[in-house]
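Please open the structure in your viewer and keep the sequence at hand, so that each selection can be followed in both.

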Amino acid sequence: MKRWHAVAAATLVAAALALYVVSRSTAAEPVDLTTTGTRYAATVHIADPAPGRVTVEITVSRGDAAAVAVSAVMAEMGHSTPEISATKRAPGRFVAVGELFPMGGVWELSIRIDGPAGEEQLAVKTLITN
C-alpha cells in the first residue's frame, strides 16, 4: 500500500512540473514597441499580448499629447477592432483597456495622438499569440 502512495505522489509531482513548464513556455512575453511620426513619438507597452481584453500603456515621448486612442487591424484576415480611447494617467502617459486582439496573429496597432501640434496616426506591428 505504501508503494502505491509513493507512485501516486511522484506522478502528481511530475504532472504539476509538466503543467508549470508548459504554462511558462506558452505565456506571451510583454511587448514594447516604439514608433515615430512627424509630430509625435510613442512607445506602446502590452504586458500580456494575448487575444481578449488587454491593457495597453502608451508613453508619448515627443510632442504634447492631449488625447490618445488605439485600434488594431489584421489585414491578412480582414479584421479590425473599434478604437479605444486611452485615459491620461500623467503627462505623456496614457492607458487603454479593451479587446484589441480577438485572435492570435500579426496585428497592426494604430495609435491616434492629438494635441496642440495637431493629430497624427502612428502604427506598429506585433505578433499576438494564443
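Begin by selecting Trp107, which, in this predicted model, has a relative accessibility of 0% and therefore counts as buried. Add Phe101 to the selection, since at 0% relative accessibility this residue counts as buried too. Together they form the one aromatic pair that the structure holds: the ring centres of Phe101 and Trp107 lie 5.8 Å apart and the planes meet at 65 degrees, and because an angle over 60 degrees counts as edge-to-face, the pair is given that description.

Next, select strand 8, residues 93-101, and widen the view to the open sheet of five strands to which strand 8 belongs, where the order is 1-2-3-8-7 and the pairing is antiparallel. At the edges you will find strand 1 (31-36) and strand 7 (87-90), each of which pairs on one side only. Looking across the sheet, neighbouring strands are turned by 30 degrees against each other on average, with direction ignored.

Now zoom in on strand 7 and strand 8, which pair in the antiparallel sense over three bridges. Which residue of strand 8 stands opposite Lys88? Selecting both strands shows that the residue facing Lys88 is Phe94.

Finally, move to strand 4, residues 67-74, and pick out Ser71. Is Ser71 buried or exposed? Its relative accessible area is 14%, and because this lies under 20%, Ser71 is classed as buried. To display its surroundings, leave aside the neighbours within four places in sequence and select Thr81, Pro82, Glu83, Leu100, Glu108, Leu109 and Ser110, with which Ser71 is in contact.

How values were computed:
Residues numbered from 1 in each chain as written. Predicted model: local features only at pLDDT ≥ 70, side-chain atom pairs only at ≥ 80, totals over all residues. Heavy atoms only, no water. Pairing = 2+ DSSP bridges. Helix = DSSP H or I, 4+ residues; strand = E, 2+ residues; numbered from the N terminus. Axes fitted to C-alpha atoms, helices over the stretch in contact; angles between N-to-C directions. Buried < 20%, exposed > 50% of the residue type's maximum accessible area, 1.4 Å probe, protein only. Contact = heavy atoms within 4.5 Å. Phe/Tyr/Trp six-rings, centres within 6.5 Å; stacked < 30°, edge-to-face > 60°.
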